[in-house]
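Subject: Structure handover

Hello,

Here is the structure I promised to pass on to you. Please open it alongside this note, and then read on for what turned up.

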Amino acid sequence: MKMYLISDNVDTLTGMRLAGVEGVVVHGRKEAKAAVEKVLEDKNLGILLITEKLSFEIPEVIDDIKLNKKQPLLVEIPDRHGLGRQKNFITNYINEAIGIKI
């Protein structure tokens, strides 16, 4: 099994390459969608990393992978621009999931 990164910036890709993870830099919805479709053809892919900014560009593709595919595991990672989420998103998520305010 291998890991692969689809990133919207060179800095994230460079950092992941230092850790031994190959990947590609793409810009925009069309390129991101094409890159995901291409990498999903690899049956040895175990983990697909994608930057949050790109995952917001192609939510339908991301949801399809998460809901309908056993493999690869899809992990959305923040990039140098930080999280694309609210500051307290984990607390809000727990509140919504179990109905108890923490």
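Let me begin with Arg-29, whose relative accessibility of 38% makes it partly exposed. Bear in mind that this is a predicted model, so every value here is computed from predicted coordinates.

**The salt bridges**

Which residue does Arg-29 pair with in a salt bridge? The partner is Glu-60, and the closest N and O atoms of the two lie 2.8 Å apart. Arg-29 sits in helix α2 while Glu-60 belongs to helix α4 (residues 59-68), so this salt bridge ties together parts that are 31 residues apart in sequence. Glu-60 is partly exposed too, its relative accessible area being 37%.

As background, side chains of opposite charge can pair when their charged atoms come close.

The count of salt bridges comes to five, and two others are worth a look on your screen:

- Lys-66 and Glu-76 form one of them, with 2.5 Å between the closest N and O atoms. This pair links distant parts of the chain, as Lys-66 is in helix α4 and Glu-76 is in strand β4 (residues 73-77), ten residues apart. Lys-66 counts as partly exposed, at 45% relative accessibility.
- Lys-2 and Asp-42 form another, and here the closest N and O atoms are 2.7 Å apart. Distant parts of the chain are linked again: Lys-2 is in strand β1 (residues 2-7), whereas Asp-42 is in the loop between α2 (28-39) and β3 (45-51), 40 residues away. Lys-2 has a relative accessibility of 42% and counts as partly exposed. Asp-42 is partly exposed as well, with a relative accessible area of 24%; the cut-off for buried is under 20%, so Asp-42 does not qualify as buried.

**The strands**

How do β1 and β3 run relative to each other, parallel or antiparallel? They run parallel, and five bridges join them. β3 and β4 are likewise parallel, and five bridges join this pair of strands.

You can follow one path across the three strands. Start at Ile-6, whose bridge partner in β3 is Ile-50. Ile-50 in turn has Glu-76 as its bridge partner in β4. Glu-76 is also the residue that forms the salt bridge with Lys-66, so you may want to keep it highlighted.

Is β3 mostly covered or mostly open? Mostly covered: six of its seven residues are buried.

**The loop before β4**

Please also look at the peptide bond between Gln-71 and Pro-72, which is cis, with omega at about 10°. Pro-72 is found in the loop between α4 and β4. Those two elements also hold Lys-66 and Glu-76, respectively.

**The chain as a whole**

The protein chain has five helices and four strands. Along the sequence they follow the pattern β-α-β-α-β-α-α-β-α. Of the 102 residues in the chain, 31% are buried. The accessible surface comes to about 7,000 Å², and carbon and sulfur atoms account for 55% of that area. Among contacts between residues at least 6 apart in sequence, 62% join residues at least 24 apart. The salt bridge between Arg-29 and Glu-60, for one, spans 31 residues, and the one between Lys-2 and Asp-42 spans 40.

Happy to talk any of this over once you have had a look.

Best wishes

Methods. Residues numbered from 1 in each chain as written. Predicted model: local features only at pLDDT ≥ 70, side-chain atom pairs only at ≥ 80, totals over all residues. Heavy atoms only, no water. Salt bridge = Lys/Arg side-chain N within 4 Å of Asp/Glu carboxyl O. Buried < 20%, exposed > 50% of the residue type's maximum accessible area, 1.4 Å probe, protein only. Contact = heavy atoms within 4.5 Å. Areas by Shrake-Rupley, 256 points an atom, 1.4 Å probe, with all protein chains shown as cover. Pairing = 2+ DSSP bridges.
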